[in-house]
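Student: Could we go through this model together, with the sequence and the coordinates side by side? I would like each answer to be reasoned out before it is stated.

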Amino acid sequence: MAVSLTGSSSLGRTQEARTSLERAMLQIVARVQSSRGINSASGSTLEVAVSDAGKNPTTIALSSGAITVKEGAGAADPITPPTIVITSLTFTKINNPAPSTSSVRIVATAGYNENGAADPDTLHTLQTTALPL
């Protein structure tokens, strides 16, 4: 019975890491889709142009194990919960032929926060591509 409970706990942590990462990726995709364009995408930082001058540019980045969003001159706020650690986040700008706009490839890995580090048994990686609509 103890083995079953341990498995359930690990499964729950893995599910939480996956679900939290999915939510963050959906937020990133939505911000790209609603942007006017991709200013830059390199390493763990993405900058998009937005119509609202107070939020321009909007920067998405990896900071201390969290995905953060900074709008204009505002502070960078995390969009991932403290229960998970983002171990990697990579943005790659893709220059598409005209008349299409540039798109961005997004790859992120997260795991359950186990005393400040990602539990390797709960790691989950997601990747997608997004472009301004």
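**Loops, strands and salt bridges**

Tutor: Let us start with N115, which is placed in the loop between β7 and β8 (117-118). Keep in mind throughout that this is a predicted model.

Student: Is N115 buried or exposed?

Tutor: A residue is called exposed when its relative accessible area is over 50%. N115, whose phi is positive at about 55° although it is not a glycine, has a relative accessible area of 76%, and therefore it counts as exposed.

Student: Which residue in the loop between β3 and β4 has a positive phi although it is not glycine?

Tutor: The loop between β3 and β4 contains a serine whose phi is near 50°, a positive value in a residue other than glycine. With a relative accessible area of 80%, this serine is exposed. The residue is S64.

Student: What is the bridge partner of S63 in β4?

Tutor: Strand β3 (residues 58-63) and strand β4 (residues 66-71) run antiparallel and are joined by six bridges. In the bridge that involves S63, the partner in β4 is A66.

Student: Why is one side of β1 and of β5 left without a neighbour in the sheet?

Tutor: Five strands, paired in antiparallel fashion, make up an open sheet whose order is β1-β2-β3-β4-β5. β1 (37-42) and β5 (76-78) stand at the edges of that sheet, so one side of each lacks a neighbour, and the reason is that each has a single partner strand.

Student: What does the twist average from one strand to the next?

Tutor: The value belongs to the open sheet of five strands, in which the pairing is antiparallel. From one strand to the next, the twist averages 20°.

Student: How many salt bridges does the structure hold, and which of them joins E114 to a residue in helix α1?

Tutor: The structure holds three salt bridges. In one of them the side chain of E114 meets that of R13, at 2.4 Å from N to O. Because E114 lies in strand β7 and R13 in helix α1 (residues 2-33), the pair ties together parts that are 101 residues apart in sequence. The count is three, and the salt bridge asked for is E114 with R13.

Student: Which salt bridge has both of its residues in helix α1?

Tutor: Two residues of helix α1 lie four residues apart, about one turn of the helix, and their side chains meet at 2.5 Å, N to O. Each counts as partly exposed, at 26% relative accessible area for R18 and 30% for E22. The salt bridge is that of R18 and E22.

Student: How many residues apart in sequence are E71 and R31?

Tutor: E71 and R31 form a salt bridge, with their closest N and O atoms 2.9 Å apart. The pair links distant parts of the chain, E71 being in strand β4 and R31 in helix α1, and the separation is 40 residues.

Student: Which residue makes a polar contact with the side chain of S103?

Tutor: S103 lies in strand β7 (residues 103-114), and at 6% relative accessibility it counts as buried. Leaving aside residues up to four places away in sequence, S103 touches several others, among them I38, T92, I94 and L131. The side-chain polar contact, at 3.1 Å, is with N96.

Student: Which peptide bond that leads into the loop residue P99 is cis, and what is its omega?

Tutor: P99 is located in the loop between β6 (84-94) and β7. The cis bond runs from A98 to P99, with omega near 10°.

Student: In the loop between β2 and β3, where P57 is placed, what is omega for the peptide bond from N56 to P57?

Tutor: P57 has its place in the loop between β2 and β3. The bond from N56 to P57 is cis, and its omega is near -10°.

Student: How far apart in space are A53 and V32?

Tutor: A53 is found in the loop between β2 (45-49) and β3, and at 68% relative accessibility it counts as exposed. A53 and V32 are 21 residues apart in sequence, and their C-alpha to C-alpha distance is 16 Å.

Definitions and conventions
Residues are numbered from 1 along each chain as its sequence is written. This is a predicted model: local features need pLDDT of at least 70, side-chain atom pairs count only at pLDDT 80 or more; totals for chains, interfaces and linings use all residues. Side-chain values use heavy atoms; hydrogens and water are left out. Two strands pair if DSSP finds at least two bridges between them. Axes are lines fitted to C-alpha atoms, for helices over the stretch in contact, and angles run from 0 to 180 degrees between N-to-C directions. Buried means under 20% relative accessible area, exposed over 50%, partly exposed in between (1.4 Å probe, protein chains only). A polar contact is a pair of N or O atoms within 3.5 Å; within protein, one must be able to donate a hydrogen and the other to accept it, and residues adjacent in sequence count only if both atoms are side-chain atoms. Contact means heavy atoms within 4.5 Å.
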